[in-house]
Amino acid sequence: MAQSAVIRPGHVCLRVLDLEAAVRHYRDRVGLLEIERDSEGRVYLKGWDEQDWFSVVLREADHPGMDFLGFKVLGTDALARLESDLNAWGCVTERMPAGELRHCGERVRFQLPTGHVVELYAQKDFMGNGLGRVNPDPWLEGVKGMQAQRFDHCLLYGRDIDGNIALLRDVLKFDLTEKVVDGELVVAAFLSCSNKAHDIAFVRHAEDGKFHHASFLLGTWEEVLRAADIIAMHDISLDLGPTRHGITRGRTIYFFDPSGNRNEVFCGDYTWYPDHEPIIWTADQIGRAIFYHDRRLNENFLNVVT
Ligand code: FE
């Protein structure tokens, strides 16, 4: 399939119950850099190796979960074209004005068939990764905690994941990289707009609009083990791991922020190319697909969502 005009998941806005506790978690434990706060009290953060102004926005609310997920697209022409393609597909869009999120241009917002709010944007101010572009050093000194490099993907739960797959493939030109099938029924789907094994994923679930996890990239398996140490050191609620996914091959650990939103840090998926065919996992091998070592499902992992 043709490469997508969508570049990457560029930001996620998460609802948190206690803003300061959440900032301590994402800044001091996950290791994101706190960039700024806006007049609504939202906190903006980024991974040290991200070039744009922010990738995580925290908003205090009375229940946890995801407000929206934003994808950066290649230029304003592509943004306008995707907006009209979405409309032609039957998807209602809304333009969020430039500056509604600090340092971010206009966003085209719409709902996935599963009810999740997704937005596309073409412009966000450049901050850089602190290393410069001429003779840069390989990493930034003084980064805290797990030293997450960047926001990588989200896994979302809802009913009509077939509709999500159709919209993302047909309109936004994502590739389906992996799916889990139970007979004819697709129970999970992994999609990429890039060379990553996934940029977004879905699991079929009775309730729409649910958030399973936001994932951040680490450099090595050693760093995943070090993340596990940090989780123990600071009594962070551990979900699962460190372990290996069959799906995407990622080496991973899952844990919860203080509001109960699940986070993942991982390293080492494979390179996806657009001439590849999707990988298929069958429901009888679902244990191995999700947790390759244990080969067993975990009820908490599957059913706890925000
Ligand atoms: Fe993940």
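Which residues lie nearest the centre of the second largest pocket? In this predicted model, they are Arg 8, Asp 49, Glu 50, Gln 51 and Arg 150, out of 21 residues that line the second largest pocket.

The volumes and lining compositions of the two pockets are set out below.

| Pocket | Volume | Nonpolar lining residues | Polar lining residues | Charged lining residues |
|---|---|---|---|---|
| Largest pocket | about 380 Å³ | 16 | seven | two |
| Second largest pocket | about 290 Å³ | six | six | nine |

The lining of the second largest pocket draws at least two residues from each of strands E1 (6-16) and E9. Strand E1 gives the most, with four residues.

The largest pocket, with a volume of about 380 Å³, is lined by 25 residues, and Leu 155, Phe 190, Val 203, Ile 290 and Leu 302 are the closest to its centre. At least two lining residues come from each of strands E9 (150-158), E11 (185-192), E12 (200-204) and E16 (262-267), and likewise from each of helices H5 (286-290) and H6 (299-303).

The iron ion has as protein donors His 153 through NE2, His 213 through NE2 and Glu 264 through OE, lying 2.1 Å from the ion. Along the sequence, these donor residues follow the spacing H-x59-H-x50-E. The two histidines link distant parts of the chain: His 153 belongs to strand E9 and His 213 to strand E13 (residues 210-217), 60 residues apart. His 153 counts as buried because its relative accessibility is 2%, and His 213 likewise counts as buried because its relative accessibility is 3%; the cut-off for buried is under 20%.

Methods. Residues numbered from 1 in each chain as written. Predicted model: local features only at pLDDT ≥ 70, side-chain atom pairs only at ≥ 80, totals over all residues. Heavy atoms only, no water. 1 Å grid on protein atoms, 1.4 Å probe; cavity = no way out; pocket = protein on both sides within 12 Å on 5 of 7 lines; lining within 4 Å. Points joined across faces, edges and corners; volume = space filled by probe spheres on them. Nonpolar A, V, L, I, M, F, W, Y, C, P; charged D, E, K, R; others polar. Donors = N, O, S within 2.8 Å, 3.2 Å for Na, K, Ca; no water. Buried < 20%, exposed > 50% of the residue type's maximum accessible area, 1.4 Å probe, protein only.
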